Amino acid sequence: MNRRRPTLLAALTLTATAALTLSACGSDDDSPAKGEDKIAGADTGGTTPSASPNSSEPSKAGRPKIELPADLSYTFEWPKSGDKDKDAILEDTEQSIKAVDLAIVNQDALDKAYLYYYEGEAAAGTQKFIQNYVDQKAGLTGSYRFYAPEVAVDEDGTASFTYCEDQGKAYVKYLKTNKVRKTEVSAKSYVIYHTSLKKNDDGVWEIQKIASESGSAKCQP
């Protein structure tokens with residue numbers, strides 16, 4: 001297992017500048033591909049981590065409402081900093097992560113919710129990532145934890161965001177049989193993400209590029 005939540009691929013290269021790894025834990029032998037993987041959104045501060053609900057109301061007009069199955073849960077350990085732009089990036093990234101999962105749940109690689117938050121290379125790579133789940137008729141189940149956020153905002157309306165994901169309790173679920181594939185937690189269960197974002201005319205921090213690495217020493221306990 002590797003990257004953000006269950007993975008269907010050991011790694012998915014988006015472009016030379018953006019790569020998405022897929023990963024999750026599972027335990028049947030009817031895996032669609034050897035070495036499953038799944039994809040994915042951080043800051044600084046010191047508040048108490050909290051589990052995020054499966055239904056996300058749009059925070060502003062026009063933003064998609066994201067409703068996910070009850071067997072998916074999220075914990076985002078990235079407390080607010082008090083900086084308007086940094087906190088907006090945290091919020092938009094959280095929604096972008098859930099939006100990708102929603103596309104997998106919907107089995108739709110062109111689902112409008114995630115396309116609201118992804119642009120350019122990141123959108124193209126994420127579409128391929130989701131399509132792998134669709135092709136394998138696979139979904140997601142389990143718990144996802146995100147932590148160790150680092151956000152830097154530039155004056156030109158761009159930003160970089162690095163964060164970790166613990167996929168130790170994230171699994172691939174095969175839709176035809178409803179079987180869950182589980183594997184042992186390993187170093188690859190911990191994934192680091194590097195994203196480049198840009199604020200669009202509507203004030204949304206869109207992900208332009210995303211790269212991930214499973215087994216990151218920085219993210220391991």
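This report describes helix packing, aromatic groupings and selected loop residues in a predicted model.

## Packing of H1 and H3

Two packed helices are described by the angle between their axes and the distance between the axes. For helix H1 (residues 84-106) and helix H3 (residues 120-136), the axes come within 9 Å and cross at roughly 35°. The crossing of H1 past H3 is right-handed.

On the H1 side, the contact is made by Val100, Ala103 and Ile104, and on the H3 side by Thr126, Phe129, Ile130 and Tyr133. Sorted by class, this contact of H1 with H3 comprises six nonpolar residues and one polar residue, with no charged residues. Thr126 is the polar member, because Val, Ala, Ile, Phe and Tyr count as nonpolar.

## Aromatic pairs and cluster

The model holds 13 aromatic pairs. One of them joins Phe161 and Tyr163, whose rings lie 5.0 Å apart, centre to centre, with 45° between the planes. This pair is classed as tilted because its angle is neither under 30 degrees, as in stacked pairs, nor over 60, as in edge-to-face pairs. Both Phe161 and Tyr163 are buried.

Phe161 and Tyr163 also belong to one aromatic cluster, together with Tyr74, Phe76, Trp78, Tyr144, Phe146 and Tyr193.

## Charges over rings

Two tyrosine rings have a charged end above them. The charged end of Arg145 sits over the ring of Tyr147, at 4.1 Å from the ring centre. For Lys182, the charged end sits over the ring of Tyr171, at 5.0 Å from the centre.

## Residues with positive phi

Most residues other than glycine have a negative phi. Lys137, which is not a glycine, has a positive phi of about 50°. Lys137 is placed in the loop between H3 and strand S7 (138-153). This lysine counts as partly exposed because its relative accessibility is 40%, a value between the limits of 20% for buried and 50% for exposed.

Asn178 likewise has a positive phi, near 65°, and is a residue other than glycine. Its position is in the loop between strand S9 (170-174) and S10. With a relative accessibility of 53%, Asn178 counts as exposed, since the cut-off for that class is over 50%.

## Lys188 and Gly215

Lys188 occupies the loop between strand S10 (179-181) and strand S11 (190-199). Its relative accessibility is 46%, so Lys188 counts as partly exposed. Although Lys188 and Gly215 are 27 residues apart in sequence, their C-alpha atoms are 4.0 Å apart in space.

Key
Residues are numbered from 1 along each chain as its sequence is written. This is a predicted model: local features need pLDDT of at least 70, side-chain atom pairs count only at pLDDT 80 or more; totals for chains, interfaces and linings use all residues. Side-chain values use heavy atoms; hydrogens and water are left out. Axes are lines fitted to C-alpha atoms, for helices over the stretch in contact, and angles run from 0 to 180 degrees between N-to-C directions. Helices (H or I, at least four residues) and strands (E, at least two) are DSSP runs, numbered from the N terminus. A crossing is left-handed if the near helix is turned anticlockwise from the far one by less than a right angle, and right-handed if clockwise. Contact means heavy atoms within 4.5 Å. Buried means under 20% relative accessible area, exposed over 50%, partly exposed in between (1.4 Å probe, protein chains only). Rings of Phe, Tyr and Trp (its six-membered ring) pair if their centres lie within 6.5 Å; planes under 30 degrees apart count as stacked, over 60 as edge-to-face and the rest as tilted. A charge sits over a ring if NZ of Lys or CZ of Arg is within 6 Å of the ring centre and within 35 degrees of the ring normal.
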